[in-house]
Amino acid sequence: MTTHHHPPDERTLFERWVPHPLLTATLTVIWMLLANSFSVGGLLVGLVLGLSIPRITASFWPDRPHIQNYGKAFAYVLLVIYDIIVANVQVARIILFRPLKSLNTCWVCIPLDLTNPEAITVFAGTITMTPGTVSCDLSADGHALLVHCLDAPDREAAVRDMKARYESRLKEIFP
Amino acid sequence: MIELAIQYAYGALCLALLFNLWRLFAGPGVVDRILAVDTMVINVIALIIIYGIDQSTPMYFEAALIFAMFGFVSTVAYCKFIRRGDVIE
Amino acid sequence: METFGEIIVSALIVIGATFALIGSYGMLRLPEVMARLHAPTKASTLGIGGALLASMLYFLFFENTLSIHELLISLFLFLTAPITALFMAKAYLHIHPEVGEQLPKPESCDWSTYETPSGNVRPRT
């Protein structure tokens with residue numbers, strides 16, 4: 001006698017065995033990178049790991065992040081890498097040449113239009129890696145982000161820039 | 001030319017580590033010290049990589065990777081301890 | 001080709017070491033904790049990136065082996081740098097509640113360091 005009544009599993013065989021294809025692919029690639037040489041045996045071990053780890057840790061991944069547009073996601077990564085390099089040079093110049101009294105450090109509050117948790121995570125990470133800004137905290141209801149600016153003479157403009165440059169793009173990537 | 005660049009890198013990174021050490025001792029707060037340790041880990045990773053180029057062996061890569069992981073985990077653990085008074089709740 | 005490789009690798013090593021040095025110098029020079037937090041999270045990532053890229057190209061040019069596992073370290077550091085920065089900022093805010101009172105407040109509630117988020121804040125759709 002079973003008291004629990006499971007609904008019939010409507011997933012296909014592939015979906016049951018590979019619940020997260022992207023995670024499987026990433027794990028396999030990371031294993032190949034760690035081995036640092038290509039061999040069929042290494043690829044097989046990577047595939048076994050890539051298939052078993054998502055199944056073992058399935059309870060941590062209740063569902064998949066939905067990336068709508070992979071082309072735009074790739075373009076976003078390139079944009080962020082470019083911004084990181086620019087940010088490095090800017091911060092280096094501030095550290096080396098700016099008199100400390102002329103720095104306008106301030107806290108700003110960015111109201112979020114994003115609702116997807118993954119999108120907010122990516123947005124906060126991007127802000128930390130780019131020019132003179134570090135994301136410090138999320139509001140308790142998750143609708144605003146606290147950002148510390150190293151040098152922002154105009155707070156409104158800083159908020160507008162970040163929202164226009166990153167958030168609007170993320171809104172197109174994550175539905 | 002590469003030897004020269006490597007010598008310069010050794011000098012620069014050791015100076016950077018000295019700066020971090022100063023910040024580690026001077027403080028003035030706990031967060032400063034955590035930040036100093038975190039930066040030290042990053043500089044040491046760079047130092048290990050440069051040493052690997054100097055010896056032209058990929059053997060030190062694993063050491064750098066393990067350092068990166070330990071640095072991340074220890075920084076997060078320190079911060080967690082400050083905020084919650086416990087690391088694993 | 002040899003000279004070209006030498007120039008590129010040397011330039012990357014010098015750039016990486018210089019940025020690492022600037023990051024640490026910034027941590028020494030900047031006046032307050034939050035400003036100091038900016039220096040290492042940024043300048044150091046490019047420092048590491050430069051050194052790793054140099055290592056990759058060195059093994060490609062002079063040892064004729066394609067070594068791409070350096071990408072793994074840079075990927076790891078680029079993913080974890082924002083997390084450590086966020087944790088340190090939150091620890092700072094936790095230690096200094098007087099700073100928290102001067103922060104700009106979001107509309108309906110306080111920052112999550114000072115106010116416990118109530119349950120599952122935003123249910124997934």
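This passage describes how chains A and C meet in a predicted model, and how two helix pairs pack within it.

The contact between the two chains is a good place to start. On the chain C side, 41 residues are in contact with 38 residues of chain A. Three elements of chain C, namely α1, α2 (33–62) and α3 (70–95), each give two or more residues to this side. Of these, α2(C) gives the most, with 10 residues. By character, the residues of chain C that touch chain A divide into 26 nonpolar, nine polar and six charged.

One helix pair gives a closer view of this meeting of chains. Helix α4 of chain A, covering residues 70–97, packs against helix α1 of chain C, covering residues 2–29, at an angle of about 45° and with the axes 9 Å apart. Angles under 35 degrees would count as roughly parallel and those from 65 to 115 as roughly perpendicular; α4(A) and α1(C) are therefore oblique to each other. The crossing of α4(A) past α1(C) is left-handed. From α4(A), the contact draws on N88(A), A92(A), I95(A) and L96(A), while α1(C) supplies F19(C), I22(C), Y25(C), G26(C) and R29(C). Six of the residues in this contact are nonpolar, two are polar and one is charged.

The helix α4(A) itself can be checked with simple arithmetic. Its 28 residues, at 1.5 Å a residue, should span 40 Å, and the end C-alpha atoms of α4(A) are indeed 40 Å apart, so the two values agree. Buried residues in α4(A) are A87(A), N88(A), V91(A), A92(A), I94(A) and I95(A). Among them, N88(A), A92(A) and I95(A) also take part in the contact with α1(C). A general point helps in reading such lists: an α-helix has 3.6 residues a turn, so residues three or four places apart point the same way.

A second pair lies within chain A. Helix α2 of chain A (residues 21–35) and helix α3 of chain A (residues 40–56) pack with their axes 8 Å apart, at an angle of about 140°. With that angle, α2(A) is oblique to α3(A), because only angles over 145 degrees count as roughly antiparallel. Here the crossing is right-handed. On the α2(A) side, L23(A), T24(A), A25(A), L27(A), T28(A), W31(A), M32(A) and A35(A) make the contact, and they meet G42(A), L43(A), V45(A), G46(A), L47(A), L49(A), G50(A), L51(A), I53(A) and P54(A) of α3(A). This contact of α2(A) with α3(A) comprises 13 nonpolar and five polar residues, with no charged ones.

Conventions. Residues numbered from 1 in each chain as written. Chains lettered and ligands numbered in written order. Predicted model: local features only at pLDDT ≥ 70, side-chain atom pairs only at ≥ 80, totals over all residues. Axes fitted to C-alpha atoms, helices over the stretch in contact; angles between N-to-C directions. Helix = DSSP H or I, 4+ residues; strand = E, 2+ residues; numbered from the N terminus. Left-handed = near helix turned anticlockwise from the far one by under 90°. Contact = placed C-beta atoms within 7 Å. Nonpolar A, V, L, I, M, F, W, Y, C, P; charged D, E, K, R; others polar. Expected span 1.5 Å × (residues − 1). Buried ≥ 20, exposed ≤ 12 C-beta atoms within 10 Å, placed from the backbone.
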